[in-house]
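Trainee: I keep running into words like "oblique" and "edge strand", and I'd like to know what earns them. Can we go through one structure together?
Mentor: Sure, let's put it up and talk it through.

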Amino acid sequence: MSTLQAEHVYKVFARRPGDRAAAVRALERGADRDELRADGTTAAVIDASFRVEPGEIFVVMGLSGSGKSTLLRMLNGLLEPTAGRILFDGEDLTALGAREMRHVRSTRISMVFQHFALFPHRDVLANAAYGLEVQGVPRAERERRAAEALTLCGLGGWEKSWPDELSGGMQQRVGLARALATDADLLLMDESFSALDPLIRRDMQDQLLELQRTLKKTIVFITHDLNEAMRLGDSIAVMRDGRIVQQGTAEDILTRPADDYVASFVQDVDRSRVLTADAVMDDAPEDVPDGADGCTCPTVSADTPLADLCAVSARVPHAVNVTDAEGAVVGSVPQDRLVAFIGDEQRPPMACACAEVAA
Ligand SMILES: Nc1ncnc2c1ncn2[C@@H]1O[C@H](COP(=O)(O)OP(=O)(O)O)[C@@H](O)[C@H]1O
Ligand SMILES: [Mg+2]
C-alpha cells in the first residue's frame with residue numbers, strides 16, 4: 001500500500017522556459033490564469049497540495065479544462081511539474097531520471113483512461129496481460145495473473161473472446177483488469193467511467209468499490225461528475241481554473257462548500273442519498289428510549305443514508321437511535337432535525353400561535 005503526496009505542484013505551459021518560471025512567480029503572488037493567458041501562457045495546475053493515504057480513493061473533480069488530466073499526468077511522471085514535488089511512498093518522483101521513472105511507471109503505477117484502447121487483434125486475455133508483457137513477465141505467469149484480474153472484474157469466461165465481441169462496459173472492464181493485473185499499488189483513473197451509459201457506469205462504480213474493499217489500492221480517480229465523486233471518494237478535491245478550491249469528504253463539501261462556485265456545483269446533489277446518519281445525529285440523549293427501556297423500534301447505523309433514515313423516522317414515534325455493530329446506541333436523530341437538514345434549512349423553528357393550538 002502506498003502514500004502519494006503533492007507539494008505545491010504547478011504546471012505551466014509556455015513556449016519559453018523563462019516564461020514558465022516567471023508565471024509560477026506571478027501565480028505565487030496571486031495572479032490568476034486569465035492574466036497569464038494574454039501572453040500565450042497556460043497555467044494548467046496551480047499550487048496543488050494533497051496527500052492520498054494508502055487504500056484511499058482520492059477523487060479530483062472539476063469542469064473540463066480545470067487541470068485534472070494535467071495533474072494526473074504529473075502523478076505518473078508523464079509530465080514534469082514546473083514547480084513543486086510529487087512524493088510516492090516518500091520518494092521524490094520529480095527527482096528520478098527518465099529510466100527510473102519508466103520503471104516506477106511500469107511496475108508500481110497503473111492508468112485507466114476514458115476511452116480504453118484494446119488491441120483488436122488480441123483476445124481479451126492477451127489484452128488484460130499487456131501491462132505484464134511490457135514488464136517482461138513470462139507468458140504462463142502473465143496469463144495466470146491476467147485471468148485472475150479478469151475474474152475480479154466480472155469477465156471470467158471471456159478470456160478467449162475478441163474485443164469487438166464485448167460491449168463498451170465490458171471493454172472498460174478489460175481496461176480495469178489490465179491495470180489490476182500488474183499488481184501496482186497506485187491506480188490512476190482519468191474519467192474512466194465517463195463514456196459509459198448511466199446504468200453501466202453505476203455498475204462499474206459499484207464494482208470498483210467492491211474491489212477496493214479487498215484490494216486496498218491507493219486510487220486517484222478523476223471525474224467531472226459530482227455524483228460520481230461523492231459515491232467513490234473517501235476524499236474529494238474540487239478544481240477550478242487550475243486551483244484546488246476545496247478538499248474534504250463528500251459531507252464536508254455538501255454541508256460546508258468553500259465558496260459560491262462549489263455551492264453551485266453541489267446544489268443539485270441529492271443530499272439524502274449522499275449524507276448519512278452520522279452527519280445529523282446528536283450524542284445519545286437520555287430521554288430517547290432504547291433497548292434498555294424495552295423499546296423495540298428499528299434503529300439505523302451511522303452509515304445509513306438519510307433517505308433510508310427518513311423511512312425509519314416516519315415509523316418511529318421518537319428520535320431514531322443510531323447503533324454500532326454491537327447494537328450499542330451511539331447517537332440519535334430527532335425527526336425535525338432530519339427534515340431541516342435535508343431541506344438545508346439552517347434557521348431556527350418559527351414561533352407561531354399555531355404551535356400552541358396543536359399542543
Ligand atoms: N500540452 C499542453 N499545452 C498547452 N496547454 C495545455 C496542454 N495540456 C493541457 N493544456 C491546457 O491546460 C488546461 C487544463 O487542461 P486539462 O488538464 O486537460 O483539463 P481537464 O482534464 O480538467 O479537462 C486547459 O486549458 C488545456 O487547454
Ligand atoms: Mg481531462
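Trainee: Into which domains is the protein divided?
Mentor: Keep in mind that this is a predicted model. There's a domain 1, residues 44-271, and a domain 2, residues 274-342. Their centres, taken over C-alpha atoms, are 36 Å apart. The contact takes 8 residues from domain 1 and 5 residues from domain 2.

Trainee: What makes up the side of domain 1 that touches domain 2?
Mentor: Helix α11 (residues 250-255) gives the largest share, 4 residues. Sorted by class, that side of domain 1 has 4 nonpolar, 1 polar and 3 charged residues.

Trainee: Now the sheet. Why are β2 and β5 called edge strands?
Mentor: Start with the order: the open sheet has 4 strands, running β2-β1-β4-β5, with antiparallel pairing. Strands β2 (42-52) and β5 (91-92) each pair on one side only, and that's what makes them the edge strands.

Trainee: How do you know that β1 and β4 count as paired?
Mentor: Pairing needs at least two bridges between the strands. Strand β1 (residues 4-13) and strand β4 (residues 83-88) are joined by 5 bridges, so by the cut-off of at least two they count as paired, and they run antiparallel. Take Tyr10: its bridge partner in β4 is Ala83. Helix α1 (residues 17-28) packs on the sheet as well, touching β1, β2 and β4, and its direction makes about 120° with that of β1.

Trainee: Why are α7 and α8 called oblique to each other?
Mentor: Helix α7 (residues 139-152) and helix α8 (residues 168-181) pack at about 130°, with axes 8 Å apart. Roughly perpendicular covers 65 to 115 degrees, and roughly antiparallel starts over 145. An angle of about 130° fits neither range, so the two helices are oblique.

Trainee: What residues make that contact?
Mentor: On α7 you'll find Arg145, Ala146, Ala149, Leu150 and Leu152, meeting Ala177, Leu180 and Ala181 in α8. By class, that contact has 7 nonpolar, no polar and 1 charged residues.

Trainee: And which way does α14 pass α15?
Mentor: That crossing is left-handed, whereas α7 passes α8 in a right-handed one. Helix α14 (residues 306-313) and helix α15 (residues 335-342) pack at about 145°, with their axes 11 Å apart. Leu306, Leu309, Cys310 and Ser313 in α14 meet Gln335, Leu338 and Ile342 in α15. The residues of this contact divide into 5 nonpolar, 2 polar and no charged.

Key. Residues are numbered from 1 along each chain as its sequence is written. Chains are lettered from A and ligands numbered from 1 in the order in which they are written. This is a predicted model: local features need pLDDT of at least 70, side-chain atom pairs count only at pLDDT 80 or more; totals for chains, interfaces and linings use all residues. Two residues are in contact if their C-beta atoms, placed from the backbone, lie within 7 Å. Axes are lines fitted to C-alpha atoms, for helices over the stretch in contact, and angles run from 0 to 180 degrees between N-to-C directions. Angles under 35 degrees count as roughly parallel, over 145 as roughly antiparallel, 65 to 115 as roughly perpendicular and the rest as oblique. A crossing is left-handed if the near helix is turned anticlockwise from the far one by less than a right angle, and right-handed if clockwise. Ala, Val, Leu, Ile, Met, Phe, Trp, Tyr, Cys and Pro count as nonpolar, Asp, Glu, Lys and Arg as charged, and the others, Gly among them, as polar. Domain bounds come from an automatic or database domain assignment.
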